Amino acid sequence: MTPDDYAAIAKRLDRFAPVPDEVLADIVTHEGLCFWVFDRDEMPDLSGETEPDRELAAWSCAGCPVVNSCLELELRVAGEHTVGVWGGLADTDRRKVHRFWQWRRQHPQGGAR
Ligand code: SF4
């Protein structure tokens, strides 16, 4: 993934900015695939450093209807300390998205970065 990819993902999450944490948590825990189709404990531990890890993260979350809500919530709750698979991304990629996401939230009027 490139910096432009991370920036685009962060931009995609702008629409969630006004949504309260509790609402996001409710959506993710009720509609997230890993909460009702399979056990989150069965999700793999990924370093996020390799392409296979990224593909496995995407595969684990494929078809989940709340990928963006999940990613937004994880970025808020865990931020740069995020680990494991959330929001269709391995943690290394989420940490990179977090930098763009945080900048956009701190500069909502100039979020063209
Ligand atoms: S995006 Fe992935 S980690 Fe998040 S709720 Fe959906 S399946 Fe679970």
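These legends describe close-up views of a predicted model.

**View 1. The shell around the ligand.** The ligand is surrounded by 13 residues. G32, C34, C61, C64 and C70 come nearest. Two elements each give two or more residues to this shell: α3 (33-36) and α5 (67-77). By type, the shell holds 10 nonpolar residues and three polar ones. No charged residue is part of the shell.

**View 2. The two sides of helix α4.** Helix α4 spans residues 51-61. Its buried residues are D53, A57, S60 and C61. Seen down the axis of α4, these fall within an arc of 85 degrees, so they line one face of the helix. The face turned away from that buried side carries the exposed residues E51, P52, E55 and W59.

**View 3. Packing and the end of α4.** The buried residues of α4 pack against α3 and α5. One of these buried residues, C61, is also among the residues that come nearest the ligand. Just after α4 comes G63, with a positive phi of about 85 degrees.

**View 4. The largest nonpolar core.** This core has 23 residues. Inside it, A10, C70, L71 and V97 have the most contacts. Five helices give two or more residues to the core: α1 (3-12), α2 (21-31), α4, α5 and α6 (91-106). The most come from α5, which gives five residues.

**View 5. The surroundings of V97.** V97 is one of the core residues with the most contacts. Leaving out residues up to four places away in sequence, V97 touches Y6, I9, A10, L75 and L89. Among these partners, A10 is itself one of the core residues with the most contacts.

Definitions and conventions: Residues numbered from 1 in each chain as written. Predicted model: local features only at pLDDT ≥ 70, side-chain atom pairs only at ≥ 80, totals over all residues. Near = placed C-beta within 6 Å. Helix = DSSP H or I, 4+ residues; strand = E, 2+ residues; numbered from the N terminus. Nonpolar A, V, L, I, M, F, W, Y, C, P; charged D, E, K, R; others polar. Buried ≥ 20, exposed ≤ 12 C-beta atoms within 10 Å, placed from the backbone. Arc of directions from axis to C-beta. Contact = placed C-beta atoms within 7 Å. Core = buried A, V, L, I, M, F, W, Y, C linked by C-beta atoms within 7 Å.
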